[in-house]
Amino acid sequence: MKFKILSSLLLLLMVTSGETYALDRKQQKEMVKVHNQYRSDVGISSKVTWSKKLEKMAQNYANKLKNEKSCNMIHSQTKGVGENLYWASPLQYSTGETKVQQITSKHVVDAWGSEKADYNYSKNSCTKGKMCGHYTQMVWESSIEIGCAKAVCADNSQVWVCNYYPAGNYIGEKPY
């Protein structure tokens with residue numbers, strides 16, 4: 001009985017702290033799988049693998065964006081580590097109620113992957129006025145480890161962070 005009360009209190013503390021949004025094993029596997037599909041599509045044979053160290057870094061930074069930056073999308077500038085950020089608004093109802101959107105790992109990676117349409121490999125550049133750096137980081141051939149996490153903000157929006165090692169997106173270099 002004592003253990004049950006303690007475990008219930010611990011669970012309540014974790015839920016109310018707002019720091020319990022780590023990706024579960026299924027989401028992690030999906031992140032790796034979808035990244036590797038984009039890499040395979042352009043002929044990259046090296047696959048990314050999941051890194052607990054990068055996951056922890058990503059979770060710490062997602063929590064920092066939540067707690068200190070009002071979930072504004074600001075890159076961490078961590079040396080040697082690549083980073084992709086994703087933000088999702090809350091579902092908002094006419095009553096004013098908001099809920100967290102059910103966003104999948106695949107949805108996040110596909111959002112970054114959609115930038116492929118704006119990337120010109122032969123010129124190694126993005127279409128003018130478009131973004132493609134999320135995509136090129138995903139398919140950066142030497143980036144072989146990833147770790148990702150998310151945090152849900154006070155307004156029920158969410159921020160996702162993926163870290164890549166080693167970093168990619170070097171000016172003047174092609175991703176593969």
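**Stop 1: Cys132 and its partner**

Select Cys132: it is buried, with a relative accessible area of 3%. Note before going on that this is a predicted model. Now add Cys126. The two cysteines form a disulfide, with sulfur atoms 1.8 Å apart. Measure the torsion about the S-S bond in your viewer; the computed value is -85°, which makes the link of Cys126 and Cys132 left-handed. Is Cys126 buried or exposed, or something in between? Cys126 is partly exposed, because its relative accessible area is 31% and the partly exposed class lies between 20% and 50%. Cys132, at 3%, falls under the 20% limit for buried. The bond therefore joins a partly exposed residue to a buried one.

**Stop 2: Glu115, beside Cys132**

Keep Cys132 on screen and select Glu115. Cys132 is one of the contacts of Glu115, along with Met131, Gly133, His134 and Tyr135, once neighbours within four places in sequence are set aside. Where does Glu115 sit? Its place is the loop between helix 4 (105–113) and strand 5 (119–120). Glu115 is buried but has no salt bridge. Show Lys130 next. Lys130 is the nearest side chain of opposite charge, and it is 10 Å away. A salt bridge needs the nitrogen and the carboxyl oxygen within 4 Å. What does the side chain of Glu115 reach instead of a charged partner? Draw a distance to Gly133: the Glu115 side chain reaches the backbone nitrogen of that residue at 3.4 Å.

**Stop 3: the other disulfides**

Select every bonded cysteine. How many disulfides does the structure hold? There are three. Counting bonded cysteines along the chain, the pattern is 1-5, 2-3, 4-6.

Zoom to Cys71 and Cys153. They form a disulfide with sulfur atoms 1.5 Å apart. This pair links distant parts of the chain, 82 residues apart. Cys71 is in the loop between helix 3 (52–68) and strand 2 (82–88). Cys153 is in the loop between strand 7 (145–152) and strand 8 (158–165). Cys71 and Cys153 are both buried. The torsion about their S-S bond is -80°, a left-handed link.

Move to Cys148 and Cys162. A disulfide joins them, S to S 1.9 Å. Which hand does this link have? With 100° about the S-S bond, the link of Cys148 and Cys162 is right-handed. Cys148 lies in strand 7 and Cys162 in strand 8, 14 residues apart, and the pair links distant parts of the chain. Both Cys148 and Cys162 are buried.

**Stop 4: the sheet**

Switch to cartoon and show strands 1, 7, 8 and 2. In that order, 1-7-8-2, the four strands form an open sheet with mixed pairing. Which strands are at the edges? Strand 1 (49–50) and strand 2 are the edge strands, each pairing on one side only. Strand 1 runs parallel to strand 7, and two bridges join them. Select Trp50 to see the register: it stands opposite Ile146 in strand 7.

**Stop 5: Ala88 in strand 2**

Stay with the edge strand and select Ala88, which is found in strand 2. Ala88 counts as buried because its relative accessibility is 4%, and the limit for buried is under 20%. Expand the selection to contacts. Leaving out residues up to four places away in sequence, Ala88 touches Gln101, Ile103, Ser157 and Gln158. Then draw a C-alpha to C-alpha distance from Ala88 to Val152: the two are 9.4 Å apart in space and 64 residues apart in sequence.

**Stop 6: Asn36 in helix 2**

Next, pick Asn36. Its place is in helix 2 (residues 25–41). Asn36 counts as buried because its relative accessibility is 11%, under the 20% limit. Setting aside residues up to four places away in sequence, Asn36 touches Lys47 and Val48.

**Stop 7: zoom out**

Reset the view and colour by secondary structure. The chain comes to five helices and eight strands. From the N terminus on, the elements run α-α-β-α-β-β-β-α-β-β-α-β-β. Now colour by accessibility: of the 176 residues, 40% count as buried. Finish with a contact map. Among contacts with a separation of 6 or more, residues 24 or more positions apart account for 68%.

Methods
Residues numbered from 1 in each chain as written. Predicted model: local features only at pLDDT ≥ 70, side-chain atom pairs only at ≥ 80, totals over all residues. Heavy atoms only, no water. Buried < 20%, exposed > 50% of the residue type's maximum accessible area, 1.4 Å probe, protein only. Lys, Arg positive; Asp, Glu negative; His and termini not counted. Polar contact = N/O pair within 3.5 Å; in protein donor to acceptor, adjacent residues only side chain to side chain. Contact = heavy atoms within 4.5 Å. Disulfide = S-S within 2.5 Å. Pairing = 2+ DSSP bridges.
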